[in-house]
Amino acid sequence: MLFSQKTKGFFVEWNDHAVLLARTSTPNAPFTVEDLRECPPDDPAALQEAINQIQIRKSQTGYLHATVGIYPSKRLVRRHSLELKRVKEPGYFAEVCTQQFRIEQDKYTLALLNSADGTDYDIAKAAQKEIIFCGLPTEEVTALQSALLERSIYPERLELGSLATLGAMVDYLNFTKSKAPTLVLEIGADATHSFIVSAAGVEASRPIPQGLDGMVPIVQKELGLKDEESARKLFYSNTFDFTGMGPLLIKRLLKELQSSIGFYEVQTGQSVGQILCTQLSPKLTWLDAAIASGLGISSLKIDPLAWLQSRHVTIPEAFAKPMQDIRWFGLLALMAQYNVVHAVTAEEKK
């Protein structure tokens, strides 16, 4: 059946491992997911084919008009405790950016959000102490927009995928009435973005300069391979079971995570009970279990269907099974709409 693009919704997540696409029955919930597609991020022909299939009919502009979630390598998503008496001082936020995050404020496109519910931080009121600094280099915004346009995707809304995922996780924990603080990891090539979230919001964040590429030299050494490139190909392939080598590969990352969790638990008196790795390729999902085992906590298995239904997103039976795969959670997070994420009261925490 032919349709106008305006009557449909399109969502795209672009991460290091895949481009995920969805078409929904309307642009805004309530809606039904009508189609899902996936292709590698470095295959323009496959992406064009996926766009052609999901659109059914090309738009008049030739672009897929979509809400797009991105994971730029220099993204900033950091929780920070403000000095409220200094918030209105000229230069205070620039000082925080320089000293705490090692970035130059004027070179970044930034937003400030309340850590509990993700709403915009009101500097004039300066009532909340705990906020999230989020953004990316302004140059990278321009480059990403150009790259998307070159691939026939027009970003009607461009979001940091990390933020959408964290907001959805807080809402999901509320929906499932889970009180367990959860470690959420985005493990990239060069670094790992680590967050502790609960039904009360984003509780902690920390970038860790350990990523997947740092595991490659260990693979080379342990397996006696002649060069790093051979080790890299093997590590990122699905031809070798690295489960047994897991503790060795994650040793440095584990040390950093234990430090972060220990600090959080001492500060709050709460124990981190579960872990979720959201950005792993299918060939590296064993890492989630390895890290959970190393930390002595459980892997969180998400069943998003009932939660999505509560957010007026209907998943047909044909797509129900793939939606259970955590790899799709970031795309689903772009679809979920909520005015204000429910903040947990002290009474509910008991």
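This is a short talk on the pockets, cores, aromatic pairs and unusual backbone spots of one structure.

Please keep in mind that we are looking at a predicted model. Numbering starts from 1 along the chain.

Let's start with empty space. Rolling a probe the size of a water molecule over the atoms shows where empty space is left. The largest pocket here comes out at about 780 Å³. It has 34 lining residues. Nearest its centre are Leu113, Gly118, Glu159, Leu163 and Ala164. Which elements give two or more residues to that lining? There are strands β6 (108–114), β7 (130–137), β8 (153–160) and β11 (201–208). Then there are helices α4 (161–175) and α12 (329–335). Helix α4 has the largest share, with five residues. What about chemical class? The pocket lining has 21 nonpolar residues, nine polar ones and four charged ones.

Now the enclosed spaces. How many cavities of 30 Å³ or more does the structure hold? Two. The largest cavity has a volume of about 60 Å³. Its lining includes Asn15, His17, Ala18 and Leu20. Thr278, Gln279, Leu280, Ser281 and Arg327 line it as well. By class, that makes three nonpolar, five polar and one charged.

The second largest cavity is about 40 Å³. Glu13, Tyr71, Thr165 and Glu186 are among the residues around it. So are Ile326, Phe329 and Gly330, along with Thr278 and Gln279. Here the split is three nonpolar, four polar and two charged. Note that Thr278 and Gln279 line the largest cavity and also the second largest.

On to the packing. The largest nonpolar core has 59 residues. Leu21, Met169, Val197, Leu331 and Met335 have the most contacts inside it. Helix α4 gives the most to this core, seven residues. Recall that α4 also had the largest share of the pocket lining.

Take Met169 as an example. Set aside its neighbours within four places in sequence. Met169 then touches Thr182, Val184 and Val197. It also contacts Leu276, Leu300, Ile302 and Phe329. Phe329 is one we have met, in the lining of the second largest cavity.

Apart from this core lies another one, of 33 residues. Ile187, Val216, Leu234 and Leu257 are among them.

One more buried residue: Leu308, in helix α10 (residues 305–310). Its relative accessibility is 0%, so it counts as buried. Beyond its neighbours within four places in sequence, Leu308 is in contact with Val313, Ile315 and Leu332. For a sense of distance, compare Leu308 with Glu150. They are 158 residues apart in sequence. In space, C-alpha to C-alpha, they are 32 Å apart.

Next, the aromatics. A pair of aromatic rings is described by the distance of the centres and the angle of the planes. The count here is twelve aromatic pairs. Look at Phe101 and Phe133. Their ring centres are 5.0 Å apart. Why is the pair called edge-to-face? Because the planes stand at 65 degrees, and the cut-off for that class is over 60. This pair links distant parts of the chain. Phe101 is in helix α2 (residues 92–101), Phe133 is in strand β7, and 32 residues separate them. Are these two buried or exposed? Phe101 is buried, at 8% relative accessible area. Phe133 is buried too, at 1%. There is also one aromatic cluster made of Phe235, Tyr236, Phe240, Phe242 and Trp286.

Last topic: the backbone. Most residues other than glycine have a negative phi, and most peptide bonds are trans. Three spots are worth a look against that background.

First spot. The peptide bond between Ala29 and Pro30 is cis, with omega about 5 degrees. Pro30 sits in the loop between β2 (19–24) and β3 (31–39).

Second spot. Arg102 is not a glycine, yet its phi is positive, about 60 degrees. The loop between α2 and β6 holds Arg102. At 65% relative accessibility, Arg102 counts as exposed.

Third spot. Ser152 also has a positive phi, near 70 degrees. Ser152 lies in the loop between α3 (138–150) and β8. Is Ser152 buried or exposed? Buried, because its relative accessibility is 16% and the cut-off is under 20%.

That's the tour. Happy to take questions.

Methods
This is a predicted model: local features need pLDDT of at least 70, side-chain atom pairs count only at pLDDT 80 or more; totals for chains, interfaces and linings use all residues. Side-chain values use heavy atoms; hydrogens and water are left out. On a 1 Å grid over the protein atoms alone, a cavity is a set of points where a 1.4 Å probe fits but cannot get out, and a pocket is an open set with protein on both sides within 12 Å along at least five of seven lines; lining residues have an atom within 4 Å of a point. Grid points are joined across faces, edges and corners, and a volume is the space filled by probe spheres set on the points. Helices (H or I, at least four residues) and strands (E, at least two) are DSSP runs, numbered from the N terminus. Ala, Val, Leu, Ile, Met, Phe, Trp, Tyr, Cys and Pro count as nonpolar, Asp, Glu, Lys and Arg as charged, and the others, Gly among them, as polar. Rings of Phe, Tyr and Trp (its six-membered ring) pair if their centres lie within 6.5 Å; planes under 30 degrees apart count as stacked, over 60 as edge-to-face and the rest as tilted. Buried means under 20% relative accessible area, exposed over 50%, partly exposed in between (1.4 Å probe, protein chains only). A nonpolar core is a set of buried Ala, Val, Leu, Ile, Met, Phe, Trp, Tyr and Cys residues joined through side-chain atoms within 4.5 Å. Contact means heavy atoms within 4.5 Å.
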